[in-house]
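Work through the exercises below with the sequence and the model side by side, and try each task before you read its solution.

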Amino acid sequence: MIRLYSLFVLVDLVLIVCALISCLSAEEHEVRALPRVVWVFLILLFSPIGGIAWFVAGRPARPVKLSNGTTWRPGSGFPEKERPRAPDDDPDFLKTINKKDDDDLMKKWEADLRRREEELRRKEGGES
């Protein structure tokens with residue numbers, strides 16, 4: 001019986017050491033689900049469940065081989081040339097905007113605001 005318990009303790013110790021090495025050697029942005037510090041505490045405090053949880057849910061995801069032969073790493077996003085552009089970064093979209101119409105509308109709004117302010121001043125001046 002003592003041999004069986006010592007075997008479980010040894011397996012637990014190996015699991016803790018392997019999980020800690022794996023956790024601490026992973027890049028910070030690759031660690032999934034929780035921050036690295038939380039994973040370390042889980043591995044150390046909740047043995048062997050913490051180590052098993054690290055290998056199941058926290059370890060960096062493996063690269064995926066695509067059908068065209070390239071590999072894609074989860075979290076790597078789009079390549080720069082395939083990344084969609086925001087409208088204000090797209091030169092073609094910016095060419096379609098007619099800034100003259102916007103300027104004319106702004107001038108009309110400003111003139112209307114000045115007219116209203118002037119009317120209010122006249123009313124206040126006439127009543128006082």
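Three exercises with worked solutions follow.

The model is predicted, so local features need pLDDT of at least 70 and side-chain atom pairs count only at pLDDT 80 or more, while totals for chains, interfaces and linings use all residues. Residues are numbered from 1 along each chain as its sequence is written, and side-chain values use heavy atoms, with hydrogens and water left out.

**Exercise 1.** Compare the expected span of H1 with the distance between its end C-alpha atoms, and then find which residues of H1 are buried.

Solution. Helices are DSSP runs of H or I with at least four residues, numbered from the N terminus, and H1 covers residues 2-25. The expected span is 1.5 Å times one less than the number of residues, so the 24 residues of H1 should span 34 Å, and this agrees with the 34 Å between its end C-alpha atoms. A residue is called buried when its relative accessible area is under 20%, exposed when it is over 50%, and partly exposed in between, using a 1.4 Å probe and protein chains only. In H1, the buried residues are Leu15, Ile16, Ala19, Leu20, Ser22 and Cys23. Ser22 belongs to this group because its relative accessible area is 18%.

**Exercise 2.** Describe how H1 is placed relative to H2, and name residues through which H1 and H2 meet.

Solution. Axes are lines fitted to C-alpha atoms, for helices over the stretch in contact, and angles run from 0 to 180 degrees between N-to-C directions. The axes of H1 and H2 come within 10 Å and cross at roughly 175 degrees. H1 is therefore roughly antiparallel to H2, since angles over 145 degrees count as such, those under 35 as roughly parallel, 65 to 115 as roughly perpendicular and the rest as oblique. With contact meaning heavy atoms within 4.5 Å, the residues of H1 that meet H2 include Ile16, Ala19 and Leu20, and their partners in H2 include Trp39, Val40 and Ile43.

**Exercise 3.** How many disulfides does a search of the whole structure find, and are Cys18 and Cys23 buried or partly exposed?

Solution. A disulfide is a covalent bond between the sulfur atoms of two cysteines, and here the criterion is a pair of cysteine sulfur atoms within 2.5 Å. The search of the whole structure finds 0 disulfides. Cys18 is partly exposed because its relative accessible area is 39%, whereas Cys23, with a relative accessible area of 0%, is buried.

Note on methods:
Helices (H or I, at least four residues) and strands (E, at least two) are DSSP runs, numbered from the N terminus.
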